[in-house]
Amino acid sequence: MAGAPPLVADQLDMIWDDVIALSNVLFAQSDEPLADAANAEAANLKRGLLVVGRRLQLTAEQYKKLRSVVYYGLLRAHPALTQDEFRAIPATSFQMLNAFFVVRRQSGIYGDFEGMEEVEPSGEAKAA
């Protein structure tokens, strides 16, 4: 996680509720069956919560919150970054989702940033 420092209190204040709410939505989706049997094999190729062949299913409002979390996470390393500059950065939804998980880890909400095991939104430790 080089180059991704832990967040400071002001950043946590801005993202706390959204990180929890979005994590709950994304974890719920990770348990949903894939649309067809042809994609069932892809279910074994999990990378974090992302599953090959699965669509990101967020409302427009949820996606805006996800982008907001990423923006506040970037401010730690790039304090001069403006909202306008951030909105002008070309990024796919997949890249934005990956950035969300980096910020989620930086937040320490689901585990210690410096190596403590991450936990599911339910508070349970992740299975090894």
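This short talk walks through one glutamine, a group of aromatic rings and a pair of packed helices. Please keep in mind throughout that what we have here is a predicted model.

Let me begin with Gln-11, which sits in helix H1, the helix covering residues 9-30. Is this residue buried or exposed? With a relative accessibility of 6%, Gln-11 falls under the 20% cut-off, and therefore it counts as buried. As for what surrounds Gln-11, leaving aside residues up to four places away in sequence, it touches Tyr-72, Gly-73, Leu-75 and Arg-76. One of these neighbours deserves a closer look, since the side chain of Gln-11 reaches the backbone oxygen of Tyr-72 at a distance of 2.5 Å.

Tyr-72 brings me to the aromatic residues. In general, a pair of aromatic rings is described by two quantities, the distance of the centres and the angle of the planes. In this model the count of aromatic pairs comes to 3. In one of them, the rings of Tyr-71 and Tyr-72 have centres 5.2 Å apart and planes at 70°, and because that angle is over 60 degrees the pair is edge-to-face. Tyr-72 itself is buried, its relative accessible area being 17%, and Tyr-71, at a relative accessibility of 8%, also counts as buried.

Tyr-71 has a further ring partner in Phe-86, and here the pair is tilted, with 5.5 Å from centre to centre and 55° between the planes. This pair links distant parts of the chain, as Tyr-71 belongs to helix H2, residues 60-77, while Phe-86 belongs to helix H3, residues 83-87, and the two lie 15 residues apart. Both Tyr-71 and Phe-86 are buried. Taken together, ring pairs join Tyr-71, Tyr-72 and Phe-86 into a cluster.

Let me stay with H2 and turn to its packing against helix H4, which spans residues 93-107. The axes of H2 and H4 are 9 Å apart, and the angle between them is about 55°. How, then, are H2 and H4 oriented to each other? An angle of about 55° lies between the 35 degrees that bounds the roughly parallel class and the 65 degrees at which roughly perpendicular begins, so the two helices are oblique to each other. Their crossing, I should add, is left-handed.

On the H2 side, the contact is made by Tyr-63, Leu-66, Arg-67, Val-69, Val-70 and Gly-73. H4 contributes Ser-93, Met-96, Leu-97, Ala-99, Phe-100, Val-103 and Gln-106. Gly-73, which takes part in this contact with H4, is also among the residues that Gln-11 touches, and that returns us to the residue with which I began.

Note on methods: Residues are numbered from 1 along each chain as its sequence is written. This is a predicted model: local features need pLDDT of at least 70, side-chain atom pairs count only at pLDDT 80 or more; totals for chains, interfaces and linings use all residues. Side-chain values use heavy atoms; hydrogens and water are left out. Helices (H or I, at least four residues) and strands (E, at least two) are DSSP runs, numbered from the N terminus. Buried means under 20% relative accessible area, exposed over 50%, partly exposed in between (1.4 Å probe, protein chains only). A polar contact is a pair of N or O atoms within 3.5 Å; within protein, one must be able to donate a hydrogen and the other to accept it, and residues adjacent in sequence count only if both atoms are side-chain atoms. Contact means heavy atoms within 4.5 Å. Rings of Phe, Tyr and Trp (its six-membered ring) pair if their centres lie within 6.5 Å; planes under 30 degrees apart count as stacked, over 60 as edge-to-face and the rest as tilted. Axes are lines fitted to C-alpha atoms, for helices over the stretch in contact, and angles run from 0 to 180 degrees between N-to-C directions. Angles under 35 degrees count as roughly parallel, over 145 as roughly antiparallel, 65 to 115 as roughly perpendicular and the rest as oblique. A crossing is left-handed if the near helix is turned anticlockwise from the far one by less than a right angle, and right-handed if clockwise.
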